[in-house]
Amino acid sequence: MIIAFVQTKGGTGKSTLAQNIAFSKKIRAAFGSISIVEMDPQKTLYKWWQRRVENQKPSTDVGFAHISSTDRSVILKELEALETENELLVLDVPGESIGKFHTQFACAVADLVLIPMRTSTNDEEAFEDNLLPIINRIMALDPESRDYFYIVPSFTHPLVNRQHVIEYFQHILPDTIHCLDATFSFGSVFENFSRGGSNLFEYADSVRTNQKLYEQAIKAINEIETIAEAIIQLR
Ligand SMILES: Nc1ncnc2c1ncn2[C@@H]1O[C@H](COP(=O)(O)OP(=O)(O)OP(=O)(O)O)[C@@H](O)[C@H]1O
Ligand SMILES: [Mg+2]
């Protein structure tokens with residue numbers, strides 16, 4: 001199975017969600033072997049993974065691959081090879097690329113497309129102008145893909161009523177775009193956890209003696225697991 005985090009708008013949480021969903025306990029229990037696949041030439045996750053290796057972070061059933069090619073057939077081949085070794089591929093797709101190539105590619109090959117999106121007028125307009133036309137084209141070519149596209153409300157206020165945010169998106173989105181039954185709220189943990197190549201669990205362990213930071217980390221873990229559960233429900 002291929003899950004892709006896609007959003008033409010930059011900085012909405014694609015890479016952060018890809019990192020954390022791949023390592024979530026529920027996803028790891030549901031899928032035997034997993035690989036994060038970064039398609040972003042910025043190499044954000046590649047550098048993070050290098051730090052994991054340098055700092056000898058414990059190896060798990062989660063692997064990593066960076067695909068730098070922009071040749072469709074080369075990428076397809078690399079993905080096929082990764083698919084034979086992994087039950088789940090989690091694609092981190094760049095926000096911008098020439099002709100929105102990566103976004104189009106990922107929307108076409110993924111079994112589930114997760115679209116982190118903020119409740120901001122700018123983001124909603126950008127979605128309508130840039131991403132929705134791509135999705136509509138894919139749905140026209142492949143009617144079955146109508147079930148594949150889900151918004152993940154991101155950077156939501158931690159105290160906001162989750163259900164209200166989900167209902168808001170369902171209200172403003174066309175019927176063909178669904179909303180995940182979970183939100184990804186704003187939290188400083190998500191800005192800090194990956195230092196030194198850590199994942200969220202390793203970060204939580206490292207702040208165990210600081211009650212405030214530890215509680216925040218556990219909250220962040222619980223939130224990721226809720227998102228993971230919502231994803232697994234769609235399988
Ligand atoms: N839930 C969150 N709360 C607070 N900060 C976050 C959260 N998720 C991500 N961030 C921070 O916001 C920034 C953008 O996140 P991220 O890199 O995941 O977005 P992106 O969609 O992958 O961006 P790009 O389009 O550039 O690839 C990063 O600095 C990240 O640490
Ligand atoms: Mg990114």
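**Ligand site, pockets and cavity**

An oxygen atom of ligand 1 sits 2.5 Å from an N or O atom in the side chain of Thr16. Taken alone, ligand 1 exposes 630 Å², and the protein buries 78% of that. The model is predicted. Besides the ligand site, this briefing covers two pockets, of about 420 Å³ and about 360 Å³, and one cavity of 30 Å³ or more.

**Ligand 1: contacts**

- The side chain of Lys14 places an N or O atom 2.9 Å from an oxygen atom of ligand 1.
- Gly11 makes its contact through the backbone: one of its backbone N or O atoms is 3.0 Å from an oxygen atom of ligand 1.
- Thr16, by comparison, uses a side-chain N or O atom, at 2.5 Å from a ligand oxygen.

**Ligand 1: shell**

- There are 17 residues around ligand 1, and Lys14, Ser15, Thr16, Ser185 and Gly187 come nearest.
- Three elements each supply at least two residues of this shell: α1, β8 (184-185) and α8.
- The largest share comes from α1, with three residues.
- By class, ten shell residues are polar, four are nonpolar and three are charged.

**Largest pocket**

- The volume of the largest pocket is about 420 Å³.
- Its lining counts 21 residues, of which Pro158, Ser185, Phe186, Lys219 and Glu223 are the closest to the pocket centre.
- Two or more lining residues come from each of α7 (162-172), α8 (189-192) and α10.
- Helix α10 gives the most, with six residues.
- The lining divides into ten nonpolar, eight polar and three charged residues.
- Ser185 links this pocket to the ligand: it is among the residues closest to the pocket centre and among those that come nearest to ligand 1.

**Second largest pocket**

- The second largest pocket holds about 360 Å³ of space.
- It is lined by 25 residues, and those closest to its centre are Gly11, Lys14, Ser15, Thr16 and Thr44.
- The elements giving two or more residues to this lining are α1, α3 (44-54) and α8.
- Helix α3 provides the largest share, five residues.
- Twelve lining residues are polar, seven are charged and six are nonpolar.
- Several names recur from the ligand site: Lys14, Ser15 and Thr16 are among the residues closest to the centre of this pocket and among those that come nearest to ligand 1.
- Gly11, also listed by the pocket centre, has the backbone contact to a ligand oxygen at 3.0 Å.

**Cavity**

- The structure has one cavity of 30 Å³ or more, and the space in the largest cavity is about 40 Å³.
- Its lining is made by Asn20, Phe23, Leu200, Phe201, Ile221, Ile224 and Glu225.
- Helices α1 (14-23), α9 (200-206) and α10 (211-233) each supply at least two of these residues.
- Helix α10 has the largest share, three residues.
- Five lining residues are nonpolar, one is polar and one is charged.

**Helices that recur**

- Helix α1 supplies at least two residues to the cavity lining, two or more to the second largest pocket and three to the ligand shell.
- Helix α8 contributes two or more residues to the largest pocket and to the second largest pocket, and at least two to the shell around ligand 1.
- Helix α10 gives six residues to the largest pocket and three to the cavity.

Note on methods
Residues numbered from 1 in each chain as written. Chains lettered and ligands numbered in written order. Predicted model: local features only at pLDDT ≥ 70, side-chain atom pairs only at ≥ 80, totals over all residues. Heavy atoms only, no water. 1 Å grid on protein atoms, 1.4 Å probe; cavity = no way out; pocket = protein on both sides within 12 Å on 5 of 7 lines; lining within 4 Å. Points joined across faces, edges and corners; volume = space filled by probe spheres on them. Helix = DSSP H or I, 4+ residues; strand = E, 2+ residues; numbered from the N terminus. Nonpolar A, V, L, I, M, F, W, Y, C, P; charged D, E, K, R; others polar. Near = heavy atom within 4 Å. Polar contact = N/O pair within 3.5 Å; in protein donor to acceptor, adjacent residues only side chain to side chain. Areas by Shrake-Rupley, 256 points an atom, 1.4 Å probe, with all protein chains shown as cover.
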